[in-house]
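Please consider the structure shown here, and follow the explanation with the coordinates open beside the text.

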Amino acid sequence: MTSRRDFLKVTGAAGSGLVLGLHLEARPTPGKAAKAEFRPNAYLAVRPDGTVRITVPKTEMGQGVRTALPLALAEELDLDWSKIEVVNAHPGPDFKEMETGGSTSVSSTWLPLRKAGATAREMLKAAAASQWNVGVDLCRTEKGCVLGPGGKRLGYGALAEAAAKLPVPKDPPLKKAGDFRLLGKRTPRFDGPAIVTGKALFGLDVRRPGQRFAAVLRCQVPGGQPKTWNEAKAKAVKGVQAVVKVPTGLAVVASSTWAAFEGRKALAASTTWDEGTSREFNSAALEVQLRTALKGPAESARKAGDAEKALAAAARVLEAEYAFPYQAHATVEPLNTTVHLWPEGAEMWTGSQSPNDVQASAAALLGLKTEQVKVNVALMGGGFGRRLGSDFSSEATQVAKAVGGGPIQVVWDREDDVRHDRHHPATLHRMRAGLTSSGALSAWVHRIAGPSVLRSWLGGKKTPDQVAAEASGALDIPYAIPSISVEYSEVEAPTPLGWLRGVEIVPNVFARECFLDEVAHASNRDPLQLRLDLLGAQGKVKFGEDEADLQRLKRVLQVAAEKAGWGRKLPPGWGLGLACHVYEGRTYAAEVAEVSVSKGHLRIHKITCAVDCGLVINPSGLEAQVEGGIAFGLSALFTQITWDKGRTVQTGYHDFPVLRHADMPAIDTVIVTSAEAPSGMGEPPVPLAIPAVLNAVFAATGTRIRKVPISAGSFT
């Protein structure tokens with residue numbers, strides 16, 4: 001087994017007809033070491049009645065994998081889309097790595113899925129040809145049937161058993177793009193009707209016979225522990241059955257979620273805490289640490305030429321400081337997990353981006369083998385990187401273990417979700433640029449100071465790729481500048497950290513693309529033309545392990561600007577701003593924002609986004625990803641997590657104001673066609689929203705905003 005593209009296996013399944021399993025090698029999410037094995041497994045089952053079951057090895061959190069991945073397989077197999085059943089995989093021997101993140105679901109699986117479909121197609125054709133006693137070359141497939149000479153026709157179901165007995169073709173031919181019937185066409189979400197009618201099962205919807213509910217009273221300071229408490233206060237609430245101590249706090253078990261929450265509220269009034277060593281952590285002190293780190297030692301993420309020497313020789317040096325705050329994931333569906341312990345094992349229901357980690361963690365906590373823990377993966381009401389962790393499912397396992405008995409669902413409320421998130425950390429950026437006497441950009445220095453997400457994720461362990469991870473979006477600056485220096489200075493923080501949608505690229509590109517606009521203004525250059533000139537004739541360029549074709553980036557930038565009407569005359573108080581980026585050398589995106597500012601009020605009217613992500617599986621799905629990504633990015637213009645006395649100041653949507661529907665701008669998504677393989681679209685639109693909008697604000701008002709979140713006072 002040397003490649004996910006080289007291995008297909010066929011097994012027979014009683015009563016299911018033809019079953020094809022394909023081993024996929026997933027690209028690891030940041031912080032995960034690559035493994036020398038094939039992972040996970042996905043299965044195609046063709047039933048005798050002609051229906052087809054496709055088991056999806058990635059988890060669905062709104063990004064549309066339950067539509068996109070089946071489309072890749074259905075295309076090659078010429079399936080009747082109306083006869084497809086899509087089910088989620090369960091972690092286990094056949095699905096060893098279901099981790100879903102890093103915008104890799106389609107890019108890591110689409111070719112193996114196509115090959116699996118093509119393999120099944122050729123076997124079904126061979127089975128039909130054998131029955132008809134004709135050559136395979138005289139058979140073709142169409143919407144779940146094999147067609148032969150003289151009007152012969154057999155459905156896949158009728159051929160499934162015979163096909164399963166045939167040898168597996170070694171290298172089945174794949175369709176040419178011009179022959180695609182499904183790929184590249186607009187396809188409604190497979191599970192859309194079930195979601196909008198309330199029939200789809202999310203984690204919060206799980207109900208099992210005899211199910212109980214629990215809410216955990218946690219210390220507001222991460223890592224704190226209860227010292228004293230009076231469980232009688234909780235038990236006085238109708239429906240409360242028990243109070244148990246778990247590593248994260250005190251779990252109140254009840255007959256309903258409401259009773260659990262009310263019992264927890266009563267218990268909180270009687271509880272005293274040991275707040276631990278993090279009780280003095282606060283945002284003001286962190287800012288001092290960040291600013292100190294900007295002037296102290298740092299590790300190099302990229303070095304080209306001698307930037308300090310070039311700055312010393314520059315006719316003019318520009319310098320600015322950009323600040324990005326702590327952020328919460330704030331998924332609409334709060335965290336939850338249901339656990340049912342059995343004498344012989346355990347069963348769990350949860351929405352997770354890392355189901356295998358959920359299974360392994362639960363098995364370790366319960367003293368079981370992993371195969372004794374069944375994890376049912378539910379749909380998620382948002383992931384954004386928060387559900388990559390297994391902390392919340394492990395907590396539920398610990399509650400179930402302490403309580404014993406039948407199924408129990410642990411539910412977080414909004415305050416739990418905001419206070420006890422694995423937050424994305426704050427960063428501070430010192431930007432410097434050198435200009436020649438003619439206004440040319442001769443030097444670029446980007447110093448980043450902030451806590452390390454990667455180190456926190458790995459439990460404090462530092463790895464060789466830590467600096468590159470924290471400098472992503474800065475070290476891969478695509479512009480041809482003679483001297484470049486990108487550095488990272490780590491600042492310790494006591495709170496658990498996690499990846500946000502867009503990861504470190506979000507703050508780093510915010511600082512990079514806004515400061516480049518400052519360079520354009522200082523040199524009296526049009527921001528678009530400056531970027532085009534700096535991209536120039538560059539072709540493929542390597543940034544660490546990634547390689548980007550910068551002509552593709554140049555093209556999306558030109559398309560976005562043209563579609564947005566860059567350079568047109570706007571009313572007073574209106575402005576256009578732009579930003580562009582190559583996401584991990586795979587996806588190329590550019591955004592142009594159109595805004596107006598009146599009496600201190602910002603209105604974002606429209607964002608035009610041009611993307612080149614290779615072959616597009618489903619244009620409707622891509623547009624949804626762009627719109628959702630931009631909305632997520634825009635939210636970070638207005639939200640922040642601040643700390644005081646070791647606890648978050650913010651506790652919910654009322655003071656962490658994610659973008660509301662009324663403030664959502666019109667989005668114009670322009671797909672720049674490409675013959676390359678599909679890349680990813682979940683994260684690429686996110687980092688560009690903030691700099692595009694803030695550059696537009698400058699164009700409208702002449703005010704340069706270098707710190708988010710923004711408020712009415714930001715424009716004065």
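Asn524 is exposed, its relative accessible area being 73%. In this predicted model, Asn524 sits in the loop that connects helix H14 (505-522) with helix H15 (527-535). The backbone here deserves attention, for Asn524 is not a glycine and yet has a positive phi of about 55 degrees. Most residues other than glycine have a negative phi, and most peptide bonds are trans. A second case is Asn133, which is likewise not a glycine and has a positive phi of about 60 degrees. Asn133 belongs to the loop between helix H2 (105-132) and strand E6 (140-142). With a relative accessible area of 71%, Asn133 is exposed.

The peptide bonds offer an exception as well. Val708 and Pro709 are joined by a cis peptide bond, with omega at about 10 degrees. Pro709 is found in the segment that follows helix H18 (686-701).

The next topic is a single helix, H16. This helix comprises the 15 residues 550-564. At 1.5 Å a residue, H16 should span 21 Å, and the C-alpha atoms at its ends are indeed 21 Å apart, so the expected and the computed values agree. Among the buried residues of H16 are Leu550, Leu553, Val556, Leu557 and Val559, together with Ala560, Ala561 and Ala564. Arg552 and Lys554 also count as buried residues of this helix. Just after H16 comes Gly565, whose phi is positive at about 75 degrees.

Two sheets can now be examined. Strands of a sheet pair through backbone hydrogen bonds, either parallel or antiparallel. One open sheet consists of 5 strands in the order E14-E22-E21-E20-E15, with mixed pairing. Strand E14 (299-304) and strand E15 (316-324) stand at its edges; each has a single partner strand, and therefore one side of each lacks a neighbour in the sheet. On average, neighbouring strands of this sheet are turned by 10 degrees against each other, direction ignored. Within the sheet, strand E21 (residues 441-450) pairs with strand E22 (residues 483-490) in the parallel sense, over 8 bridges. Arg447 has Glu487 in E22 standing opposite. Helix H7 (residues 283-293) packs on this sheet, where it touches E15, strand E20 (427-435), E21 and E22. The direction of H7 makes about 145 degrees with that of E21.

Another open sheet has 4 strands, in the order E25-E26-E27-E30, and its pairing is also mixed. At its edges stand strand E25 (574-583) and strand E30 (666-671), each with a single partner strand, so one side of each is left without a neighbour in the sheet. Neighbouring strands in this case are turned by 15 degrees against each other on average, direction ignored. E25 and strand E26 (residues 587-598) run antiparallel and are joined by 10 bridges. Gly575 has Val595 in E26 as its bridge partner. Helix H18 lies across E25, E26 and strand E27 (601-612), and runs at about 155 degrees to E25.

A final question concerns the cysteines: how many disulfides does the structure hold? A disulfide is a covalent bond between the sulfur atoms of two cysteines. The structure holds 0 disulfides. For Cys139, the closest cysteine sulfur is that of Cys145, and the 13 Å between the two sulfurs is too far for a bond. Cys609 is in no disulfide either, since its nearest cysteine sulfur, in Cys613, is 9.9 Å away, whereas a disulfide requires the sulfur atoms to be within 2.5 Å. Cys139 counts as buried at 5% relative accessibility, and Cys609 counts as buried at 0%.

Terms used. Residues numbered from 1 in each chain as written. Predicted model: local features only at pLDDT ≥ 70, side-chain atom pairs only at ≥ 80, totals over all residues. Heavy atoms only, no water. Helix = DSSP H or I, 4+ residues; strand = E, 2+ residues; numbered from the N terminus. Expected span 1.5 Å × (residues − 1). Buried < 20%, exposed > 50% of the residue type's maximum accessible area, 1.4 Å probe, protein only. Pairing = 2+ DSSP bridges. Axes fitted to C-alpha atoms, helices over the stretch in contact; angles between N-to-C directions. Contact = heavy atoms within 4.5 Å.
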